[in-house]
Amino acid sequence: MARDLRRPWQHTLLRLAVVLAAGMLVGLLIGQFWLGVTLALLAILVWHYVRLHRVLQRLHSRERLHLPDGRGIWSDLDALLFVRQREGVRRKRRLLGALRSFRQAAAALPDAVLVLDRRDLGIQWFNESAVRLLGLQPRQDIGVRFLNLVRAPRVHAWFESGAAEPLIDLPSPQGDGSRLSMRLLEYTPELYLLVARDVSKLLQLEQMRQDFVANVSHELRTPLTVLHGYLDMLDPEDVPEWGGLLLEMRRQSLRMTQVVEDLLTLSRLDACERLPEDPVDMRAMLRTLARDADGLSNGGHTIRVVDEAKCDLLGSSKELHSAFSNLVSNAIRYTPKGGEVRIALQSRSEGGVSLCVQDTGPGISADHLPRITERFYRVSNSRSRESGGTGLGLSIVKHVVQLHQGELQVESEVGKGSRFCVLFPPERVLDRDAEIDNPA
Ligand code: ADP
């Protein structure tokens, strides 16, 4: 309803004038002019006081206001308060609607969503999927510390370490065989948002992919061995016009065999959760790597071995040799003749040791660096093939390093060379005087 709020004073002044005139008239009639005026002014004052009191009462009691009929400043104030109250109610309704639909959306999510207090990880709210995936009890578990309900040691360790990375492949606390992943988001300065997702199907698919690659590689191995055997039996000198052809067939079948072997190694590492933890004699390992490098280089490179750390490692001798020799073989293969390859075992100031393989080869540009450990990723296809690469070497290195809780660091500058370092944590370092049972 539209009201003219521009001229409220006119009505009020008119009223004042009428009351004052009436007072004057009464004063004149009773022969007490000033008494009449005073009574009129008092009446005006009382009336204003009553109106003000009514407004304050309405505001205090928070009662629902109505649009007033009258005119004047008090009616206009009532009208203004009515409009503000109506706007407030509408805004509240809109916000409640938005909150309700947000909660409905969160409740309908297939992922478990929980709001946790950041101080004590007390549960403030959770959706229906949290009941299904984590076994939480509606209402009963509100306010309970999350870690008192989900007691898996991995979840506790994850929270203790800061939960910066998602937690993957966690058995569901429901014990139904499903696997979960968890992610913790900093929602507000006071709250965390915890999202738990059922990843059983994804992990199943990943398992199928791994099995498929392993099976295909395994199936290819036998026919390749047969082919290779026959090709070896054929002497190019017997049929000179086929000489080049035979050599190329041998080269390609060797390459295929190497790809299959690398794929099988990767499948084995994929399926492996823990490697043997034996003392690894690093003096013997460095000697073997130097011999491998010499054999590959055939005198074409300067090879230096530095043993500064003078310590041994705890891990799988076989897998570590496979990882280190991949790095050494890359350094030799990609560094032109006359270059230098340096293999160094050094202590780290932060603790632990590093094994670095540095070369003076072509280097790798920064945009390729993040991807070089991906399977079959090559900076230059032709150069990798020419040098006999399978594109799987660095993936194997990465896997082996991860299984030793280490880290692979790569520094490279185009035209100057590359440095691949495997960093091992202090727990993997052994005093060299310790007894060695299995020299590499
Ligand atoms: P490949 O069998 O092709 O060498 P890798 O997984 O061992 O596969 O390496 C991936 C890619 O990284 C290689 O194709 C090559 O382009 C690059 N690379 C690896 N090591 C070096 C190196 N020492 N110098 C230059 N490039 C390298």
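Before anything else, one definition: a nonpolar patch here is a group of residues with over 30% relative accessible area and no salt bridge, in which nonpolar side chains are joined within 5 Å. What we are looking at is a predicted model, so please keep that in mind throughout.

With that definition, start at the surface. There is a nonpolar patch of about 1100 Å². Its members include Leu25, Val26, Leu29 and Ile30, and further along Leu35, Leu39, Leu42 and Leu45, then Val46, Tyr49 and Val50. Two elements give two or more residues to the patch: helix H1, residues 8-29, and helix H2, residues 33-61. Which helix gives the most to the nonpolar patch? That is H2, with 7 residues.

Take one member as an example. Val26 lies in helix H1. Val26 has a relative accessibility of 46%, so it counts as partly exposed; the upper limit for that class is 50%.

Next, the sheet. It is an open sheet of 5 strands, and the order across it is S2-S1-S5-S4-S3, with antiparallel pairing. At the edges are strand S2, residues 123-126, and strand S3, residues 167-171, each of which pairs on one side only. From one strand to the next, the twist averages 25°.

Look at one edge of the sheet in detail. S3 runs antiparallel to strand S4, residues 179-186, and 3 bridges join the two. In one of these pairings, Pro171 has Arg179 in S4 as its bridge partner.

Now the cysteines. How many disulfides does the structure hold? It holds 1. The partners are Cys356 and Cys421, with an S to S distance of 2.0 Å. Cys356 sits in strand S10, residues 353-359, and Cys421 in strand S12, residues 417-424, so the bond ties together parts that are 65 residues apart in sequence. The torsion about the S-S bond is about 115°, which means this disulfide is right-handed.

Are these two cysteines buried or exposed? Cys356 has a relative accessibility of 3% and counts as buried. Cys421 is also buried, with a relative accessible area of 3%. The cut-off for buried is under 20%.

One more cysteine deserves a mention, Cys311. Why does Cys311 not bond to Cys356? The closest cysteine sulfur to that of Cys311 is in Cys356, and it is 12 Å away, so the two are too far apart for a bond; a disulfide needs the sulfur atoms within 2.5 Å. Cys311 is buried as well, at 5% relative accessibility.

That is where I will stop.

Conventions
Residues numbered from 1 in each chain as written. Predicted model: local features only at pLDDT ≥ 70, side-chain atom pairs only at ≥ 80, totals over all residues. Heavy atoms only, no water. Patch = residues over 30% accessible without salt bridge, like charges linked within 9 Å, V, L, I, M, F, W, Y side chains within 5 Å. Areas by Shrake-Rupley, 256 points an atom, 1.4 Å probe, with all protein chains shown as cover. Salt bridge = Lys/Arg side-chain N within 4 Å of Asp/Glu carboxyl O. Helix = DSSP H or I, 4+ residues; strand = E, 2+ residues; numbered from the N terminus. Buried < 20%, exposed > 50% of the residue type's maximum accessible area, 1.4 Å probe, protein only. Pairing = 2+ DSSP bridges. Axes fitted to C-alpha atoms, helices over the stretch in contact; angles between N-to-C directions.
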